[in-house]
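Thank you all for making the time this morning. I would like to walk through one model with you, beginning with a single residue and then working outwards to the sheet, the helices and the chain as a whole.

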Amino acid sequence: MNTLTHFDAQGQAHMVDVAAKPATHRIAIASGRIEMLPATLAMVEAGNAKKGDVLGIARIAGIQGAKKTGDLIPLCHPLALTRVALDFQVVPANPTQAAHVLCQATAETVGPTGVEMEALTAVQVALLTIYDMCKAVDRGMTITDVKLREKHGGKSGSFVAG
């Protein structure tokens with residue numbers, strides 16, 4: 001593909017017409033991480049943050065974010081998601097990396113367009129929720145490495161990040 005699909009022949013932005021595309025099972029997996037102080041990570045892991053269960057609330061927020069992607073991204077199609085799942089991994093600091101929480105989101109649908117944006121939005125919203133819940137003790141947290149890991153289904157087939 002060598003053209004941007006969200007512009008018509010006159011260069012005007014538009015929502016891509018997917019009416020003629022067949023409905024297929026589509027899946028996308030995205031990930032990202034939030035770096036934080038080791039003491040902040042210990043609070044997250046222990047589940048005793050002042051605002052409650054950080055990862056449980058971030059999971060629900062990520063699911064909500066995926067469901068609202070069509071409202072947040074102007075040219076995204078609203079999708080009937082069949083599944084959204086978020087997994088978190090708590091990674092302590094070591095000599096080569098900062099303490100962080102890794103988030104992975106999987107989004108699925110059966111339809112004429114992919115779910116990459118939903119998976120990416122789920123990760124971002126989940127990580128922003130972690131930041132919101134922990135900012136009272138650590139304003140220096142950094143959200144990083146958000147990316148699409150895999151996508152499957154549709155005419156363009158599969159993509160797996162290298």
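**Starting from one residue**

Let me begin with aspartate 145, which has its place in strand 4. Please keep in mind throughout that what you see is a predicted model. The phi angle of aspartate 145 is near 60°, which is a positive value in a residue other than glycine. I point this out because most residues other than glycine have a negative phi. As for its surroundings, aspartate 145 has a relative accessibility of 45%, and so it counts as partly exposed.

Now to the sheet that this strand belongs to. In what order do the five strands of the open sheet lie? The order is 2-3-1-4-5, and the pairing is antiparallel. Strand 2, residues 81–91, and strand 5, residues 159–160, stand at the edges with a single partner strand each, so that one side of each is left without a neighbour in the sheet. At the strand 5 edge, the antiparallel pairing with strand 4, which covers residues 142–152, rests on two bridges, and in one of the pairs lysine 151 has phenylalanine 159 of strand 5 as its bridge partner. Against the sheet packs helix 2, residues 54–67, which touches strand 2 and strand 3, the latter being residues 100–111, and the direction of helix 2 makes about 145° with that of strand 2.

Let me stay with the sheet for a moment and go to strand 1, residues 24–35, which is mostly covered, with nine of its twelve residues buried. Strand 1 is joined to strand 3 by twelve bridges, the two running antiparallel; histidine 25, for instance, stands opposite valine 110 in strand 3, and isoleucine 29 has threonine 106 of strand 3 as its bridge partner. Towards strand 4, strand 1 makes eight bridges, again with the two strands running antiparallel, and here alanine 30 is partnered by leucine 148 in strand 4. Strand 3 is likewise mostly covered, since nine of its twelve residues are buried. The pairing of strand 3 with strand 2 is antiparallel and runs over ten bridges, with glutamine 89 standing opposite leucine 102 in strand 3.

**The helices**

Coming back to helix 2, its 14 residues reach 20 Å from the first C-alpha to the last, close to the 20 Å expected at 1.5 Å a residue. Which residues of helix 2 are buried? They are Val54, Leu55, Gly56, Ala58, Ala61, Gly62, Gly65 and Ala66, and what covers them includes helix 1 (38–46), helix 3, strand 2, strand 3 and helix 4. Glycine 56 deserves a word of its own, because its relative accessibility of 19% is what makes it count as buried, and the cut-off for that is under 20%. The C-alpha atom of glycine 56 is separated by 10.0 Å from that of aspartate 87, although the two residues are 31 apart along the chain.

Helix 4, residues 116–134, has 19 residues, which at 1.5 Å a residue should span 27 Å, and the 28 Å between its end C-alpha atoms agrees with that. Its buried residues include Glu118, Thr121, Ala122, Val123, Leu127, Ile130 and Met133.

Threonine 69 links this helix to another part of the chain, being found in helix 3, residues 69–72. Is threonine 69 buried or exposed? At 0% relative accessibility it counts as buried. Leaving aside residues up to four places away in sequence, threonine 69 touches Cys76, Met117, Glu118 and Thr121, and its side chain is joined to that of threonine 121 by a polar contact of 3.5 Å.

**The chain as a whole**

To finish, let me step back. The protein chain holds four helices and five strands, which follow one another in the pattern β-α-α-α-β-β-α-β-β when read along the sequence. Its C-alpha atoms fill a box of roughly 55 × 30 × 30 Å along the principal axes, and 35% of its 162 residues count as buried. The accessible surface comes to about 9,100 Å², with 57% of it belonging to carbon and sulfur atoms. Finally, if we take the contacts between residues at least 6 apart in sequence, 71% of them join residues at least 24 apart.

Note on methods
Residues are numbered from 1 along each chain as its sequence is written. This is a predicted model: local features need pLDDT of at least 70, side-chain atom pairs count only at pLDDT 80 or more; totals for chains, interfaces and linings use all residues. Side-chain values use heavy atoms; hydrogens and water are left out. Two strands pair if DSSP finds at least two bridges between them. Contact means heavy atoms within 4.5 Å. Axes are lines fitted to C-alpha atoms, for helices over the stretch in contact, and angles run from 0 to 180 degrees between N-to-C directions. The expected span of a helix is 1.5 Å times one less than its number of residues. Buried means under 20% relative accessible area, exposed over 50%, partly exposed in between (1.4 Å probe, protein chains only). Accessible areas come from the Shrake-Rupley method with a 1.4 Å probe; for residues, only the protein chains shown count as cover. A polar contact is a pair of N or O atoms within 3.5 Å; within protein, one must be able to donate a hydrogen and the other to accept it, and residues adjacent in sequence count only if both atoms are side-chain atoms.
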